[in-house]
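Here's an informal walk through some helix packing and a pocket. Have the model open while you read.

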Amino acid sequence: MSDTAAGTAAAPAKNILEKYFHLSERGSSVGQELRGGMVTFFAMAYILVLNPTILSGTDSTGAYLGGGTEANVPAIAAGTALVAGVMTLLMGAVANFPLALAAGLGLNSMVASIIVKLPGMTWADGMGIIVIEGVVVVLLVLTGLREAIFRAVPKYLRTAISVGIGLFVTIVGLVNAGIVRQGSGTALSFGVDGSISTWPLLVFVVGLFLTIILMARRVKGGILFGIVASTVFAILIEWRGDLGTASAENVGGWGLSIPRLDGSPVQVPDFSTLGQFSVTGPFQKLGVIAVVVLAFSVMLADFFDTMGTMVAVGSEGGLLDENGNPRNTFRILLIDSLAAVAGGAGGVSSNTAYIESSTGVADGARTGLASIFTGIFFLLATFLAPLAGVVPNEAAAPALVAVGFLMMQQVSELEWSDLTTAIPAFLTIVFMPFGYSITVGIGVGFISHTVMQMASGRIRKIHPLMWVVSALFIVYFLLGPIQSALNM
């Protein structure tokens, strides 16, 4: 084919992408979306290692996820990548929003450490709880209730949620890198005994300064370049000497994935976790009330995490309307709800929107095309899981810290002189990182907003749905005593 013919063939494809994703309207390009999608993927790639680690234990019967006499980590990793890839592709194609989805941290831990450990519960039963929860949230979206609750949240609280998520992302990055870790008791400490005394910590520090320098100089792709350069540095260090993974005996090891490639980078994926769920099993073994309580606790976390995440990502990319609502809110919430069902049906726990999407947005992603690219990378990772695992936490964490800074800048939009809004905003912001939960921060913010409006005599200004949601969050924070009362 001649160069002229090739150029003519490429032009229609580019025009189709332009018209469907509105690239020029949002100040983007195909190359910019590719770069942003790649950054998001690298920032999220840790889930391909972490989710199999969390789900690799036994259920109450002593069985492993996917069957067999030992943990089938490759199958869990392949299933994790497959569901994340498909749902992220759908988010990009249907909602045209630069938001990626994968197995939700916290939700998977709840399944692995609580739900499947209840008497008689199997992994299939645990995933059945996730499917039930997902179906309920889908119905809430289709009836318009989920979007109505989102729009009932005051704009100042949405801003506070975005800022709080910025701090949450920052502390996640610092903890993942090991530069901040638990010291004596429950206190956090810096580095190893107050020092940067290990090679992995040096990788993080070098990567952080490289990233912020590139950002300050407004280098396009600076966040991606920082991840790649830090990974290369980590590979050289690991090649120099086998550091292994971090532990109490090996504080100088890598936090999670080791930056080296053992064997072939290509493997045939094992999808044996797909279809490993049971909707009837939980009711037979726990009863209706217990299933409702468990599904409610999972649903509340899933329900509001996405709301905060999509606002934060939309705010970072200038994708919110004059009322602070993301474009295509209904479609975003619908795809996210379906992702919960898909995660349970895929046997890899509920999938949800990832705040790491903001790293791609910070590097230029503005449309759903970036999510298309991220989804493709996840699908490729089903075959290239060993290659995706080469990027260590210490190399990806600087991107999270950089994004935390960008999101923190919105704090200037809050009216700090009005205590009736400033106090709920403050509590929302601080409880996310210190409570290590986006849901906790949102819950505290909602409840404190309702209380402050009541205390200032503005009861009529409280949206009816805020009353309902605040009451539900009170129940959520009292789930421990409630479960104890139900002998769960």
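At what angle do the axes of helix H6 (residues 123-142) and helix H13 (residues 329-345) cross? They cross at roughly 165° and come within 7 Å.

A few ground rules. This is a predicted model, so local features need pLDDT of at least 70 and side-chain atom pairs count only at pLDDT 80 or more, while totals for chains, interfaces and linings use all residues. Residues are numbered from 1 along each chain as its sequence is written, and side-chain values use heavy atoms, with hydrogens and water left out. Helices are DSSP runs (H or I, at least four residues) numbered from the N terminus. Axes are lines fitted to C-alpha atoms over the stretch in contact, with angles from 0 to 180 degrees between N-to-C directions.

Here are the three helix pairs together.

| Pair | Angle and axis distance |
|---|---|
| H6 and H13 | roughly 165°, within 7 Å |
| H7 and H13 | about 125°, 10 Å |
| H19 and H20 | about 125°, 9 Å |

Back to H6 and H13: they are roughly antiparallel to each other (angles over 145 degrees). Their crossing is left-handed (the near helix is turned anticlockwise from the far one by less than a right angle; clockwise would be right-handed). Residues in contact, meaning heavy atoms within 4.5 Å, include Val131, Val135 and Val138 in H6 and Leu334, Leu338 and Val341 in H13. By class, the H6 contact with H13 has 15 nonpolar, three polar and one charged residues. Here Ala, Val, Leu, Ile, Met, Phe, Trp, Tyr, Cys and Pro count as nonpolar, Asp, Glu, Lys and Arg as charged, and the others, Gly among them, as polar.

H13 also packs with helix H7 (residues 145-152), at about 125°. That makes H7 oblique to H13, oblique being whatever is left after under 35 degrees (roughly parallel), over 145 (roughly antiparallel) and 65 to 115 (roughly perpendicular). The H7 and H13 crossing is right-handed. The contact is made by Arg146, Glu147, Phe150 and Arg151 of H7 with Thr329, Phe330, Leu333, Asp336 and Ser337 of H13. That gives three nonpolar, two polar and four charged residues.

Further along come helix H19 (residues 438-455) and helix H20 (residues 464-477), with axes 9 Å apart. H19 and H20 are oblique to each other, and their crossing is left-handed. Among the residues in the contact are Phe446 and Ile447 of H19 and Trp467 and Phe473 of H20. The contact of H19 with H20 has 13 nonpolar, five polar and no charged residues.

Lastly, the pocket. Helix H8 (residues 155-177) gives the most to the lining of the largest pocket, with seven residues.

How values were computed: Helix = DSSP H or I, 4+ residues; strand = E, 2+ residues; numbered from the N terminus.
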